[in-house]
Amino acid sequence: MRISEFGHAEGSFGLGFGLRLPPMCGIVGYVGSQSALDVVMAGLKRLEYRGYDSAGVAVLADGGLAAAKKAGKLINLEKELVDRPLPTGTTGIGHTRWATHGGPTDANAHPHLDNAGRVAVVHNGIIENFAALRAELEERGHALASETDTEVVAHLLAEEFSSCADPAEAMRLVCRRLEGAFTLVAVHADEPDVVVGARRNSPLVVGVGEGEAFLASDVAAFIAHTRSAIELGQDQVVELRRDSVTVTGFDGRPADVRSYHIDWDASAAEKGGYDYFMLKEIAEQPKAVADTLLGRIDDSGSLTLDEVRISAAELREVDKVVIIACGTAFHAGLIAKYAIEHWTRIPCEVELASEFRYRDPILDPRTLVIAISQSGETMDTLMALRHAREQGSKVLAICNTNGSTIPRESDAVLYTHAGPEVAVASTKAFLTQLVACYLVALYLGQVRGTKWGDEIDAVIRDLSQISGEVERVLETMEPVRALARTLASKNTVLFLGRHVGYPVALEGALKLKELAYMHAEGFAAGELKHGPIALIEEDLPVVVVVPSPRGRSVLHDKIVSNIQEIRARGARTIVIAEEGDETVVPYADHLIRIPATPTLLQPLVATVPLQVFACELATARGNEVDQPRNLAKSVTVE
Ligand code: F6R
């Protein structure tokens, strides 16, 4: 494909000898008339959420190539560029890296160069046959300077370019020799107005501007410059020039690609006056929830999910639902199970995507698999959905990122409209995943006739109130913040819940672990007596999510007993209970009120105080809220 005018990008990694350091990473590439260094550095800032173990840039200038790279956060690279400025050029690439283990060093940071210093490459993924390629290159006299797998690509590109003098062809020839998952972006000093990229598995998006083009792992990197984007498919190579974008398969044949308009603007990815993206994203939840509901009900009042391209007839045949997801998205799935089974009477299993395909799950064409993912790039979820499709099951993706790999590979997709989520800890994506799951459950109930129209209307009316209720919760969070600050020196916090409150407890514990680096565990309250109650000691903070007394009151009564049991053993009880629930008052050392909601929808309001609690504790402990240690936003390796 060739498009007159305009461009893309993607991420990297580092590998030790015999020691895999799989990367996740953000990649940026630019060709145009602005300072490439400025554009690339600004793009990397937007992508730092993808990894922050090291960063690097390369620009083409004065007939040559200049590069800088530094271990640690982007700020270290910024300082390096002040001390040792690079020449100004209008073509460049950059990289911010995340490694799962191993020590990130300056030498292992990207970009990697060939021996003549004419080629620079950044990479996201793992080149599985790098050891053989490296041995081969060394035999031919190449000297490799790092422990990464990426560096072989720079040397191979240099060799291929020396015979074909075409950067895109050199990239195609090299890609055909690589095994594993990789996305690459490269420049060659002999072609100063060209950036080439290649995509296998990890994301790479082209941004098309006026006389300029961009490549990035995520549109956030170039949204300040253009809203016109092109999505690259699997095994495609792209050549960017100022006024053209050419996409081919690894085999050199012209490729079909999808152009699209990015419908959120740069300010959506800015902090907007908040200290952290996480605070901003927590505050955006009322809008995100409302946006996800928007346009789902047609004029006749019935539910229409246009993006669901699985026919009603097929949905009527479904005899089992399996939800696959990771982390916070998995918790959304656990809650969805209650709604799906209650509203549709279809058995529903929820499985960690990373475990799914290894246990030989029983799947067939009558199984509906729901893959939940904010990023749409989580490798564990992607691999699980591929496995499900190979077994003949239909896959419906619930996803927040337009055009990402998981929705692209699914039979149908329901997008959440949370807007860009930048903080590594997921907040607004979670609430919108819940809304999307409720919608899917209602839709199944509608097409299968297990729920009457008026029953669906009633739930939709309740859901449309939720945005306002979340707003009300947010207005009353100051005591939660004050409480969190008093617990900053604690080592452990436990979370208990029953029914849909149990996954909420798991989510509260996950948020606290990842942000405050504290030992935190979520339990089903009824399970406590089977072992975990031994953990209770004097003044141990225990957060309890109390179900509505108006719903299944037996659940409520039981959890009130659980609160008494732990309090009798010295726990400091932090009770999250509905307004008007007076039975919990005598047993709550701290009481957090949430609005009354229908039982199944309570997670939408009960999770919010736990997000605020974790964020405040992280701040009080001096942790980096948006970029917790060892984590990355998008986990593109298994
Ligand atoms: C936790 C968190 C992670 C993600 C998980 C799945 O706050 O953000 O647990 O939920 O890595 O990511 P997605 O939803 O992008 O597939």
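Author: A polar contact is a pair of N or O atoms within 3.5 Å; within protein, one must be able to donate a hydrogen and the other to accept it, and residues adjacent in sequence count only if both atoms are side-chain atoms. The model is predicted: local features need pLDDT of at least 70, side-chain atom pairs count only at pLDDT 80 or more, and totals for chains, interfaces and linings use all residues. Residues are numbered from 1 along each chain as its sequence is written, and side-chain values use heavy atoms, with hydrogens and water left out.

Reader: How far is a backbone N or O atom of Ser-426 from an oxygen atom of the ligand?

Author: Ser-426 uses its backbone here. Gln-374 also brings a backbone N or O atom, 2.6 Å from a ligand oxygen. For Ser-426, the distance is 2.9 Å.

Reader: How much of the ligand's accessible area does the protein cover?

Author: Thr-378 approaches with its side chain, where an N or O atom is 2.4 Å from a ligand oxygen. On its own, the ligand has 410 Å² of accessible area (Shrake-Rupley method, 1.4 Å probe). The protein covers 89%.

Reader: How many residues surround the ligand?

Author: A residue counts if one of its heavy atoms lies within 4 Å. Ser-373, Gln-374, Ser-375, Thr-378 and Glu-514 are the closest. By class, the shell has four nonpolar (Ala, Val, Leu, Ile, Met, Phe, Trp, Tyr, Cys, Pro), two charged (Asp, Glu, Lys, Arg) and seven polar residues (the others, Gly among them). The number around the ligand is 13.

Reader: Which helix gives the most to the shell around the ligand?

Author: Helices (H or I, at least four residues) and strands (E, at least two) are DSSP runs, numbered from the N terminus. Helix 9 (327-344) and helix 16 (501-516) each supply at least two shell residues. With three residues, the most comes from helix 9.

Reader: At what angle do the axes of helix 4 and helix 5 cross?

Author: Axes are lines fitted to C-alpha atoms, for helices over the stretch in contact, and angles run from 0 to 180 degrees between N-to-C directions. The axes of helix 4 (residues 151-164) and helix 5 (residues 167-175) come within 8 Å and cross at roughly 125°. That makes the pair oblique (neither under 35 degrees, roughly parallel; nor over 145, roughly antiparallel; nor 65 to 115, roughly perpendicular). The angle is roughly 125°.

Reader: Which residue in the loop between helix 4 and helix 5 is described?

Author: Its phi is near 55°. That is a positive value in a residue other than glycine. The loop residue is Ala-165.

Reader: How far apart are the axes of helix 7 and helix 13?

Author: Helix 7 (residues 285-293) and helix 13 (residues 428-448) pack at about 25°. That makes helix 7 roughly parallel to helix 13. Their axes are apart by 9 Å.

Reader: What is omega for the cis peptide bond of His-110 and Pro-111?

Author: Pro-111 sits in the loop between strand 5 (91-97) and strand 6 (112-113). The cis bond joins Pro-111 to His-110. Omega is about 5°.
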